[in-house]
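Biologist: Thanks for sitting down with me. Could you put the model up so that we can go through it together?

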Amino acid sequence: MAAKKRTKKKSSARKRNARRLIVLVATRKGAWLLHGDAQRKSWRMDGPHFLGHIINHVVMDPRDGRTLLAAAKTGHLGPTIFRSTDYGTTWKEAARPPAFAKGENGRAVDHTFWLTPCHADEPDTWYAGTSPQGIFRSTDAGVTWNPFTSVNDDMQFRDWMGTAQDGTPDGPKMHSIIVDPRDPAHLYFGMSGGGVHESRDRGRTWTAIVDGLDVVEGFERSNLAVHDPHCIRMCPSNPDRLYQQNHCGIYRLDRPSKQWVRIGRNMPKQVGDIGFPMVVHPHDDDTAWVFPMDGTTVWPRTSPGGKPAAYVTRNAGKSWQRLDDGLPKSQGWWTVKRQAMTRDGGERVGLYLGTTAGEVWMSRDEGKRWGCIARNLPEIYAVETAEIG
Amino acid sequence: MKVLIPAPLRSYTGAREVEAAGATLAGVLADLDRRYPGIRFRMIDEQERMRRHMRFFINGEQVFDTASRLRPTDSVQIVQALSGG
C-alpha cells in the first residue's frame, strides 16, 4: 500500500513537472511573457505586449488556467485593464475598469496596482487594488469592476489612506489582497500606508491587524495611517500563517493570534530587514524568502552595498541564510519591487525575481543558485508565474 | 464632425481622423465611446475631469470644459500634452 502511495505521488509530481510555466513580467514600458519548458531550463520571450504602457501587474487565473488580466495605463492616458484568454495572443479591454464613485471627494483611479483572483469556488471573481487606495471587485472575469464601498467610502479608511502625497513615491498602494483558500469570506489586504486589515464577512466589516508592527520613529503605533506593510503573503500549506515584509521589518503572524512577531530581528545586522517583496513556500510554512533593500539614510532603495541577495528562512524566521550564488558580487545597484519576486509550485520550488534594472533572475533550486533568464527589459514592476498545459 | 485622434488613442480608432456627433464636447466624447468602447475613460476620469495630460481643441482653440458647445461644422482636435521622459 505504501509503495502504491509513493508511486502515485511520483506520478503526480511528474504530471505537475510536465506542465509548462509562463513567467508574467510587468514593466514600466510594457509586458513580456517568458514561456519555459517543462524543466524550466529554456525560455522563449513573447513581447512586448502594450509597448509603452505602464503595466503594474499581470496575473493568470489559476482557476481556468487561461484568463490573463493586465493592469495598464500610460503616462498620458487613464488606467484600464486588459484581458486575454489565449495567452496574450489577443487582448480585450475591460468594459468598465476600476473607477471610484462619482463625487466621492473627487477621487480618480490613477492606476490599478494589484490583481487577485478570488476563491476557487467563486470562478470569474477578482479583486483589484488601486492608487489612490481603493478595492474593486469583478464577478465577470474582469470585464466590469465595482467599487468596494466598505473600504472606498468609509471615512475611517479614507483617513488612514491619507492623500496622494502620502505613501510611496508613485502614490499610495492598496495591495496584498488575500483570499483564504478555506473560506472566500475571509479576506486580508495591506495599505501602504494604512496597515493590515482582515474581514471574515466578505468585506462587510474589517478589523485592523497591526499589533506588534513597528512604525517609523517619532510616530504613534496607534495611528494606522503610519503603518506601512509592503507585502503580505499567506502560506498555501497553512493559511493560518502569514508573513509580511513591512517598511519597518519582516514579520510572521500565526492565527488566531493578532500579534505580529518581528522575525527580521534575526537577519544579519549589516543587511537589516528592510525590503519590499515577500515569498512563501508552497508546501512548507516554515520557509519564506525576502530580498533586502538599503533602507538607511535617504532610503537609496538599492541592494545593500551593491551586493544583491535573497535571504531564506527554513524555520519560520528564527534564522536566515544568504542566497547570492550567481547574482552580481559587487556593483549591483538594482533592487526588487514588492510584486517582482515570486515562485512556482514545483516540488523543488523555482524562484523568480525582476529587477529595477530590467533583468529577470531565476533559481531552479529554491535560491541556491541564480541565473539571469532575461535582460535589457524596462524597469520591472511585477513578476508572476502561471502553469499551463 | 471631424475629430483628430492622438497617436496613443489610435489603437481604438485605427485612424488619425474620425467622425463623431454631438452638440457639446461631452456629447462628442460620448459618441466616440459608443463607436470605440473604452476610449473616453482614457481621456476623462470618473469625476468628469479631463485627464492631466489630455488637451482638447475646437477649431484649433483650446477648451477646458466638456460642456463647450459645438456646431456641426466645427472640428475637434484631441492632443496629448508633451511631457515625461
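Biologist: Which residue in β9(A) does T116(A) stand opposite?

Modeller: Happy to help, and please keep in mind that this is a predicted model. Strand β8 of chain A, residues 111–117, pairs with β9(A) in the antiparallel sense over 6 bridges. Within β9(A), the residue opposite T116(A) is Y127(A).

Biologist: On the β10(A) side, which residue stands opposite W126(A)?

Modeller: β9(A) and β10(A) run antiparallel and are joined by 5 bridges. A hairpin of 2 residues connects β9(A) to β10(A). Opposite W126(A), in β10(A), stands S138(A).

Biologist: How many of the residues of β9 in chain A are buried?

Modeller: Let's take the strand face by face. W126(A), A128(A) and T130(A) point one way, Y127(A), G129(A) and S131(A) point the other way, and all are buried. The strand, residues 126–131, is thus mostly covered, and the count of buried residues is 6 of 6.

Biologist: Why do the side chains split between two faces like that?

Modeller: Here W126(A), A128(A) and T130(A) form one set, and Y127(A), G129(A) and S131(A) the other. The general reason is that side chains in a regular strand alternate between the two faces of the sheet.

Biologist: Now for T144(A): is this residue buried, partly exposed or exposed?

Modeller: T144(A) sits in the loop between β10 (134–138) and β11 (146–147) of chain A. Buried would take 20 or more other C-beta atoms within 10 Å, and exposed 12 or fewer. T144(A) has 15, so the label is partly exposed.

Biologist: What is the C-alpha separation between T144(A) and P97(A)?

Modeller: Setting aside neighbours within four places in sequence, T144(A) is in contact with A94(A), A95(A), R96(A) and S138(A). That last partner, S138(A), is the residue that stands opposite W126(A). As for P97(A), it lies 47 residues from T144(A) along the chain, yet their C-alpha atoms are separated by 6.0 Å.

Biologist: Stepping back, what radius of gyration does chain A have?

Modeller: Chain A holds 3 helices and 27 strands, and its C-alpha trace spans about 60 × 50 × 50 Å along the principal axes. For 389 residues, a compact globule would come out near 21 Å, and chain A agrees with that at 20 Å.

Biologist: And what share of the contacts with a separation of 6 or more links residues 24 or more positions apart?

Modeller: Buried residues make up 50% of the 389 residues in chain A. Among its contacts with a separation of 6 or more, the share between residues 24 or more positions apart is 49%.

How values were computed: Residues numbered from 1 in each chain as written. Chains lettered and ligands numbered in written order. Predicted model: local features only at pLDDT ≥ 70, side-chain atom pairs only at ≥ 80, totals over all residues. Helix = DSSP H or I, 4+ residues; strand = E, 2+ residues; numbered from the N terminus. Rg over C-alpha atoms; globule rule 2.2 N^0.38 Å. Contact = placed C-beta atoms within 7 Å. Pairing = 2+ DSSP bridges.
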